[in-house]
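Biologist: I should like to learn how to read the features of a protein–DNA model. Please take them in turn, with the general idea first and the case afterwards.

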Protein chains: 2
Amino acid sequence: MVSVGSHKPNIRQVAVIAGVSHMTVSRVLNDHPNIKPDTRRRVLEAIEELDYRPNLAARALATQRSRRIGVIVESSGAFGPTSILSAIELAARGAGYSVAQIALHEGDGLSPQAAVESLMMQGIDALCVIAPRSSSVAALRRVVISVPMLVVKADADPTFLTVSIDQHAGAVLLVDHLVALGHRDILHISGPLDWLDARARERAFHSRTKSLGIRERPIVVGDWTADFAYDFAMGLNRLPDYTAVFAANDEMAVGLIHGLHDKGFDVPNDLSVVGFDDVPLARHVLPPLTTIRQNFHALGVAVVEMLRAAIEEREIPAFTRIPTEIVTRASTAPPREVR
Amino acid sequence: MVSVGSHKPNIRQVAVIAGVSHMTVSRVLNDHPNIKPDTRRRVLEAIEELDYRPNLAARALATQRSRRIGVIVESSGAFGPTSILSAIELAARGAGYSVAQIALHEGDGLSPQAAVESLMMQGIDALCVIAPRSSSVAALRRVVISVPMLVVKADADPTFLTVSIDQHAGAVLLVDHLVALGHRDILHISGPLDWLDARARERAFHSRTKSLGIRERPIVVGDWTADFAYDFAMGLNRLPDYTAVFAANDEMAVGLIHGLHDKGFDVPNDLSVVGFDDVPLARHVLPPLTTIRQNFHALGVAVVEMLRAAIEEREIPAFTRIPTEIVTRASTAPPREVR
DNA sequence: TGCAGTGATGTTGCCGAGAACAGCTCTGTA
DNA sequence: TACAGAGCTGTTCTCGGCAACATCACTGCA
């Protein structure tokens, strides 16, 4: 029997090699002051020699802190939530936290509450929910948990810490862009209205068009998918009265352009189209899409910063708004009558 | 002082309420046999009453099992890796496992080894690496860990458990489709050749065109981005000799179509184009893209099934191949001379 | 009647860390 | 010379579970 234990070394074995108590090793690991440099060196050498790594489960048990953040993300297939999740993970790692993630897929029967519970059992220090739907926000409101909770959603909320991408400003940028080109009659194809982002974009569209004195026209309620917008376009039998379409996301914008094309209409000459998201392909579809770019990186940083502050019980504002910018491309042009 | 402890109940408090020892509670929690139905009921009632949830960190410490799978994913922005990760997470949850994820972003200085170590410290039962590059696979070969390790990559590998999407079959389907349409001169725009998927698709392209007796033509090595393919197309000053292009992913296919369009060439009338991935927008870009659909769901299930078997030390094949299918759309048509 | 077998439950100790407190060794000062 | 206080390190206990073994009450059978 070879004496080099094949199993993972623990803090006491390190202590034996270094000729100190395990608490001294623990102090070195946690950067406590008042450790003699020579002792520290011996401990570090022993750690090196054994290739020791602390057991985080044991540490979590002892400290009641896991340095782990739970993230719940809905419709993880979509571009927005995925990008947000990835940005949070990166920012969390930068702050020394890891991420435990649960994706709520449609119809897999996992309720937001169950997801919260499952994460809490894993011992998270804080919870972040990427909650695009009002129904899930309502469900969250009833959840009581013992760690800080932050929600990424379209608007501020007194119940939670909140980080929002500025949907309103983005929608206003798009409307202003179209109006500047000369459009006076714009159709809005929204996302499903129980999605907060859809609702925010729709409200911003209404209030901006109204304040600019533009014709009030009923919106079309879509479902975010390109298929929906394609089918809608295929239902048009002649060029409509409106001269521009504001689709609530890029996917619908692309589907719409596809359908218009199949119906023999040209974008942007017959109709201008804008989207929202700036998905990677938005720049290269035909015609390239005017859209809104969201700063996911800034969002991830803000989420982690706010959660850290909450964990450490520092005072911070409970709300952060992330700016957006418009990206102007060939899918928008002045309407015919102006040219 | 109210006696209802504001802090989380533990197994001993449950035991007191139920009037049993804490081990009986543990047995109920873990579905041991030989518990009297009446006792079980009392324990469950006490759990309910206290709203007790087991502490998974403590359980992991005691059992040396975390029911957590580590996943390392490279270039998490890309469609493929993201879809794979999401599929694995879903399948893992179905099997009662959670997922600890680390994304390797380009240039964030985290090596695959460091990622492995970081996950091991978190106490994972098994490791899955979504490793698209040969360099990372080479790095992994030198990693020694004490848990089962599975790599999702383009081909089988004696070193690891492996799950592969059948890149070869997919590429063959595309070549055969083009040849069936009458194309005899096809350009391949590959991904970066240190990516295993790119390499596999390129090799399949070569071997299939060769065995069909089609003109050998040097490939163009791309970088997966639509921008690259766009620029490539913009460099064409006249219609090339080849009549079809096999782009190694959808993004490059779309960028290429964009560039060809800007140069005044028409797809598919001047040139047929195929991609690989079937991204959500592939169906709605103009023209809709002929491409390869990969079964990510099946992949996720296979990954989790193989890892479970390895964790439980059951015998299983060390390699699973996931099939692909071709989706034929309007970006491909017979070449001019055939019509 | 005695006893082995088994079903149901309890007792003790350990997993690998950190907290709290105790204790030792200096140093400087009265 | 005594002693306070700071710096450094050790001892013991705890976190919340589970494994291993111990115990006890039945049951069935020789």
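Modeller: We begin with the DNA, for which one term is needed: a residue is near a strand if one of its heavy atoms lies within 4 Å of it. This is a predicted model, in which local features need pLDDT of at least 70 and side-chain atom pairs count only at pLDDT 80 or more, while totals for chains, interfaces and linings use all residues. Residues are numbered from 1 along each chain as its sequence is written, chains are lettered from A and ligands numbered from 1 in the order in which they are written, and side-chain values use heavy atoms, with hydrogens and water left out.

Biologist: Which residues come nearest to DNA strand D?

Modeller: There are 30 residues around DNA strand D, and those that come nearest are Ser21(A), Thr24(A), Arg27(A), Thr39(A) and Ser26(B). On the DNA side, sugar and phosphate make up 58% of the atoms of strand D that come within 4 Å of the protein.

Biologist: Which side chains have polar atoms beside a base or phosphate of DNA strand D?

Modeller: A polar contact is a pair of N or O atoms within 3.5 Å; within protein, one must be able to donate a hydrogen and the other to accept it, and residues adjacent in sequence count only if both atoms are side-chain atoms. In the side chain of Arg27(A), an N or O atom is 2.5 Å from a base oxygen of DNA strand D. Thr39(A) places a side-chain N or O atom 2.5 Å from a phosphate oxygen of this strand. From chain B, a polar side-chain atom of His22(B) lies 2.8 Å from a base nitrogen of DNA strand D.

Biologist: Which element gives the largest share of the surface near DNA strand D?

Modeller: Elements are DSSP runs numbered from the N terminus, helices being H or I with at least four residues and strands E with at least two. The largest share near DNA strand D is that of α4(B), with five residues. By class, this surface has 12 nonpolar, 12 polar and six charged residues; Ala, Val, Leu, Ile, Met, Phe, Trp, Tyr, Cys and Pro count as nonpolar, Asp, Glu, Lys and Arg as charged, and the others, Gly among them, as polar.

Biologist: Which residues come nearest to DNA strand C, and which element gives the most to the surface near it?

Modeller: Of the 30 residues around DNA strand C, the nearest are Ile11(A), Ser26(A), Thr24(B), Arg27(B) and Thr39(B). Sugar and phosphate account for 57% of the atoms of strand C that come within 4 Å of the protein. With five residues, α4(A) gives the most to the surface near DNA strand C. A side-chain N or O atom of Asn30(A) is 2.8 Å from a phosphate oxygen of DNA strand C, and a polar backbone atom of Ala58(A) is 3.5 Å from a base nitrogen of the strand. Lys36(B) has a backbone N or O atom 3.0 Å from a phosphate oxygen of DNA strand C.

Biologist: How should one read the packing of two helices?

Modeller: Two packed helices are described by the angle between their axes and the distance between the axes. Axes are lines fitted to C-alpha atoms, for helices over the stretch in contact, and angles run from 0 to 180 degrees between N-to-C directions. Angles under 35 degrees count as roughly parallel, over 145 as roughly antiparallel, 65 to 115 as roughly perpendicular and the rest as oblique.

Biologist: At what angle do α1(A) and α2(A) pack?

Modeller: The angle between α1(A) and α2(A) is about 105 degrees, with their axes 8 Å apart. That makes α1(A) roughly perpendicular to α2(A). Contact means heavy atoms within 4.5 Å, and here Ile11(A), Arg12(A), Val14(A) and Ala15(A) of α1(A) meet His22(A), Val25(A), Ser26(A) and Leu29(A) of α2(A).

Biologist: At what angle do the axes of α8(A) and α9(A) cross?

Modeller: The axes of α8(A) (residues 167-181) and α9(A) (residues 196-211) come within 8 Å and cross at roughly 45 degrees. That makes α8(A) oblique to α9(A).

Biologist: Where do cis peptide bonds occur?

Modeller: One joins Val267(A) and Pro268(A), with omega about 10 degrees. Another joins Leu286(A) and Pro287(A), with omega about -10 degrees.
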